Amino acid sequence: MYDQLCERSTIKNKYQELLEKLKDRINSTKREYIKIKARKDMELKLWQSKFFGKPYLLKDQKYPTDDNGNNLYLLAQLNLSQMPDLEFFYPKKGLLQFWVSDKQLYGLDFKNRTKQNGFKVIFHKEVQEDNDKLVQDFSFLSKIQKEKGWICEDQDQFAQFALDFKIDK
């Protein structure tokens, strides 16, 4: 047992020595990123960045569904004009939405991971900030069954979390 511990310690020391030699090289690859902090806020506008809640949906737009016609649910919505400016982050405006199924694995298909059946990624180039042009009533959505392990554990079907963005390194 002592020999095994000594051997592990020797291996650990060799890795630490290697990492120390590569430290500057590794640190030189660090890039700025956008740090997201979420906070519950029930007073968000439909076009604001959020996790969960009521989505941005134009009145003439079909509500996102899977291939079987089951409604998907808003996971995240990013209003890109609210994001801090990063050199490599484009576009600078528009709204990016991530929709998922309330079924097992939130719609992920391991055999075809990019097939947007049980999930959707939607980008809106232009954002209408006029409530009269947006769907307001989402009572047609079936209640999410929390016992199935839904991501958001809040009891409110439309609990939403405002997103605050900050550049970090």
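**Notebook: one chain, one sheet, two cores**

I began with burial: of the 169 residues in the chain, 33% are buried. A reminder to myself that this is a predicted model. I then looked up the exposed surface, which comes to about 12,000 Å², with carbon and sulfur atoms supplying 51% of it.

Next, the elements. I found 1 helix and 6 strands, and reading from the N terminus they run α-β-β-β-β-β-β.

How are the strands ordered in the sheet? I traced an open sheet with the order E1-E6-E2-E3-E4-E5 and antiparallel pairing. Strand E1 (33-40) and strand E5 (119-124) are at the edges with a single partner strand each, so each has one side without a neighbour in the sheet. I noted an average twist of 20° from one strand to the next.

I looked at the partner of E1 too. E1 and strand E6 (residues 160-168) run antiparallel and are joined by 8 bridges. Here Ala38 stands opposite Leu163 in E6.

Then the packing. The largest nonpolar core has 11 residues, among them Leu57, Tyr63, Trp99, Ile122, Phe138 and Phe158. A second, separate core has 7 residues, including Ile34, Leu80, Leu163 and Phe165. So much for the cores; I went on to a single member.

What does Ile122 contact beyond its neighbours within four places in sequence? I listed Gln61, Pro64, Leu95, Leu96, Gln97 and Trp99.

Last entry, on contact range: among contacts between residues at least 6 apart in sequence, 71% join residues at least 24 apart.

How values were computed. Residues are numbered from 1 along each chain as its sequence is written. This is a predicted model: local features need pLDDT of at least 70, side-chain atom pairs count only at pLDDT 80 or more; totals for chains, interfaces and linings use all residues. Side-chain values use heavy atoms; hydrogens and water are left out. Helices (H or I, at least four residues) and strands (E, at least two) are DSSP runs, numbered from the N terminus. Buried means under 20% relative accessible area, exposed over 50%, partly exposed in between (1.4 Å probe, protein chains only). Contact means heavy atoms within 4.5 Å. Accessible areas come from the Shrake-Rupley method with a 1.4 Å probe; for residues, only the protein chains shown count as cover. A nonpolar core is a set of buried Ala, Val, Leu, Ile, Met, Phe, Trp, Tyr and Cys residues joined through side-chain atoms within 4.5 Å. Two strands pair if DSSP finds at least two bridges between them. Axes are lines fitted to C-alpha atoms, for helices over the stretch in contact, and angles run from 0 to 180 degrees between N-to-C directions.
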